[in-house]
Amino acid sequence: MAKNGAVGGSSHAERVFRVQRAFTQLGGRAHGPGALARAAELDDSTVYRILQSGVHQGIFVREGRGLYRLGSAAPQLGLKALAHSPAPDAAHALLEALRRATGGLAFLYLLAPFGGAHRQCADMAVGDSDLTELGMTPRAVQTVEHSLRVGAAGRAILAYLPETIQSEVLDRPVPDEAGPGAFRDDVRLLASLDRIRARGYALGREECAAGWNECAAPVTWDGLVMGSVLVMKPKQVMTRCPVTVIGAVEQTAAALADLGRGQPAVPDGNDPRMK
């Protein structure tokens, strides 16, 4: 037991996560080491060292007068946030509930922490489906599914990234394996990002694979995008995305954001948002 009743984290990664979670628990823009230490239940010296190290990594930004805020690299801890959630299977349970509520295939994508601006699939709930049923090869998964400019899931993330990163993504070509509905014109792509920010979700028509339509919503943390939640359904089943599917996707994204902040998810089957 540390001083003032604070406890030490079991690992450095966990302590860093607890400090970042303290920012979201406290609310507001910037906080001092003392307030963060109390919220994270760590001693002041440990939190100060984490803040100083995080400033160099872009995880935290020094505001002056002893205050700090979350930095642009904060979404990189989204993977750790979900990995250290109170219930290891809570994220998957939310995806399974989304799959049942919509009758589609549910995916969680996270903004990749390394290797440039792209996404990676962190989890999925697809029942008995496989890549063959999706009409996608393993190579397509490594190209189309990583791109932020292709698919509702990618564009739902891209819409909330800084313009400098958006420009970097637009400089990359559309993957050859992309579906017939992919935005190949940058003007149309940028217009789609405006629509996503205006309504809070993204719709895709055969962008990643022919014959499949999509609905995605961003997973955000304190104003920073961490990833997105996606539902895919055959186009003959979902010619137009119903409001019930849009609502379920948005609610799942919000629940996953809560989970990333360290807030417990509602047990599977008891979440009124999934009814």
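This is a short tour of the structure, stop by stop.

**Before you start**

The model is predicted, so local features are described at pLDDT of at least 70 and side-chain atom pairs at pLDDT 80 or more, while totals for chains, interfaces and linings use all residues. Numbering runs from 1 along each chain as its sequence is written, and side-chain values use heavy atoms, with hydrogens and water left out.

**Whole chain**

Show the cartoon. The protein has 11 helices and 7 strands. Both are DSSP runs numbered from the N terminus: helices are H or I with at least four residues, strands are E with at least two. Of the 275 residues, 49% count as buried. Buried means under 20% relative accessible area, exposed means over 50%, and partly exposed lies in between (1.4 Å probe, protein chains only). A contact means heavy atoms within 4.5 Å. Among contacts with a separation of 6 or more, 62% join residues 24 or more positions apart.

**Stop 1: helix 2 and Glu 41**

Select residues 33–40, which form helix 2. Leu 36, Ala 37 and Ala 40 are its buried residues to colour. They sit on the same side of helix 2, because they cover an arc of only 100° around the axis. The arc is taken from the directions from the helix axis to the C-beta atoms.

Step on to Glu 41, just after helix 2. Glu 41 belongs to the loop between helix 2 and helix 3 (44–57). At a relative accessible area of 47%, Glu 41 is partly exposed. What is the sign of phi in Glu 41? Phi is positive, near 55°, in a residue other than glycine. Most residues other than glycine have a negative phi.

**Stop 2: Glu 206**

Now select Glu 206, in the loop between strand 5 (202–205) and strand 6 (212–221). Glu 206 also has a positive phi of about 55° and is not a glycine. With 17% relative accessibility, Glu 206 counts as buried.

**Stop 3: the aromatic pair**

Select Phe 107 and Tyr 109. How many aromatic pairs does a search of the whole structure find? The search finds 1. Phe 107 and Tyr 109 form that pair, stacked, at 6.2 Å centre to centre with 25° between the planes. Rings of Phe, Tyr and Trp (its six-membered ring) pair if their centres lie within 6.5 Å; planes under 30 degrees apart are stacked, over 60 edge-to-face, the rest tilted. Phe 107 is buried at 5% relative accessibility, and Tyr 109 is buried at 2%.

Add Arg 119. Its charged end sits over the ring of Tyr 109, 4.5 Å from the ring centre. The rule asks for NZ of Lys or CZ of Arg within 6 Å of the ring centre and within 35 degrees of the ring normal.

**Stop 4: Ala 125**

Go to Ala 125, in strand 4 (residues 119–125). Ala 125 is buried, with a relative accessible area of 1%. Beyond four places away in sequence, Ala 125 touches His 92, Leu 95, Glu 96, Arg 99, Leu 105 and Ala 106. Leu 108 is 17 residues away along the chain, with 8.9 Å between its C-alpha atom and that of Ala 125.

**Stop 5: Arg 149**

Select Arg 149, in the loop between helix 7 (138–143) and helix 8. Is Arg 149 buried or exposed? Arg 149 counts as buried, at 3% relative accessibility. Its side chain makes a polar contact of 2.9 Å with the side chain of Asp 186. A polar atom of the Arg 149 side chain also lies 3.1 Å from the backbone oxygen of Arg 172. A polar contact is a pair of N or O atoms within 3.5 Å; within protein, one must be able to donate a hydrogen and the other to accept it, and residues adjacent in sequence count only if both atoms are side-chain atoms. Arg 149 touches further residues, including Val 169, Leu 170 and Phe 183.

**Stop 6: helix 9**

Two of those neighbours lead on. Select residues 163–170, helix 9, where Gln 166, Val 169 and Leu 170 are buried. They cover an arc of only 95° around the axis, so they lie on the same side of helix 9. The buried residues of helix 9 pack against helix 8 (151–158) and helix 10 (186–199).

**Stop 7: the cysteines**

Show Cys 215 and Cys 241. How many disulfides are there? The count is 0. A disulfide needs two cysteine sulfur atoms within 2.5 Å. The closest cysteine sulfur to that of Cys 215 is in Cys 241, at 4.0 Å, too far for a bond. Cys 215 is buried at 0% relative accessible area. Cys 208 is buried too, at 4%.
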